[in-house]
Amino acid sequence: MNERTTLLIEKIKEQQRLLKHQLDTEQSQLSDLAKRMWAQQEAEKAKLSRDLHDGVGQILTGLTRKLQQLTSSMPEYADLLSLSEMALADIRSLSRLMSPTILQDLGLNAAISWLCRSMFEQEDIDYECDINVDKTLDPELNILIFRITQEALTNITKHANAKHVKLFVSCHHQTLRLDIIDDGKGFEIDNTTKGIGLTSLQDRAKAFNAELVIQSHVNKGTHISMVIPV
């Protein structure tokens, strides 16, 4: 190999190194942009949650109390009281789902357990929820895990027609793993992933350098797993 060939090879290698560095930099910038976008969305959800709680929620609270007083002497208001109580419960649940203060107050374990109860207790779905996270995580990771779980459980209740769901969260060494398994009707991933919003799960996971895998087969359920470096 002559000197000219050697110099040419070194030049090509240097160009490859520069290109890789540029690609890595651009990927990092895209991830940072995605994180800022998710953070902005969370801030907007928190504001709307407060508006619901302090506005509509307070109005319904006042209405419910008034109807409770009336119903004690006028039983014909009982149906209105029941409707008011259901509306108030729905507003409170929606407010918590939009901005889960339980996540900040009690941590990931309590938040995921509450999410499972609130989404499945009104459905004909049995569930197992096993959470084993004994370390304090970055708030961004807590939100990531909560939102991924929320989106996955919403898809199950809307589309899967499942009877049983298993959810596991565990932390080992420097990684955290989330598994959500249902026995629903499943789907062909290539044909339906975009249609039921699973692409948004993958985009959010990718922004946080997490690996998210979706496995599903028709009539054989779905398994969503996510591994996150912590």
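**Exercise 1.** How many residues does helix α5 have, and what distance does α5 reach from its first C-alpha to its last?

Solution. The model is predicted: local features need pLDDT of at least 70 and side-chain atom pairs pLDDT 80 or more, while totals for chains, interfaces and linings use all residues. Residues are numbered from 1 along each chain as its sequence is written, and side-chain values use heavy atoms, without hydrogens and water.

Step 1. Helices (H or I, at least four residues) and strands (E, at least two) are DSSP runs numbered from the N terminus. Helix α5 covers residues 139-160, which is 22 residues.

Step 2. From first to last C-alpha, α5 reaches 30 Å, close to the 32 Å expected at 1.5 Å a residue. The expected span is 1.5 Å times one less than the number of residues.

**Exercise 2.** Describe the two ends of α5.

Solution. At the start, a side-chain oxygen of D138 comes to within 2.8 Å of the backbone nitrogen of E140. Just after the helix, N161 has a positive phi of about 55 degrees.

**Exercise 3.** Is α5 mostly covered or mostly uncovered? Relate the result to the largest nonpolar core.

Solution. Step 1. Buried means under 20% relative accessible area, exposed over 50%, and partly exposed in between (1.4 Å probe, protein chains only). In α5, 16 of the 22 residues are buried, and the helix is mostly covered.

Step 2. A nonpolar core is a set of buried Ala, Val, Leu, Ile, Met, Phe, Trp, Tyr and Cys residues joined through side-chain atoms within 4.5 Å. The largest one has 46 residues, and L153 and M226 have the most contacts inside it. Elements giving two or more residues to this core include α4 (108-120), β2 (164-172) and β5 (222-229). The largest share, 10 residues, comes from α5.

**Exercise 4.** Classify L83, Q15 and T222 by accessibility.

Solution. Step 1. L83 is found in helix α2 (residues 78-98). L83 counts as exposed because its relative accessibility is 51%.

Step 2. Q15 lies in helix α1 (residues 3-73). Its relative accessible area is 46%, so Q15 is partly exposed.

Step 3. T222 has its place in strand β5. With a relative accessible area of 9%, T222 is buried.

**Exercise 5.** How far apart are the C-alpha atoms of Q15 and H53?

Solution. The two residues are 38 residues apart along the chain, and their C-alpha atoms are separated by 57 Å.

Conventions:
Polar contact = N/O pair within 3.5 Å; in protein donor to acceptor, adjacent residues only side chain to side chain.
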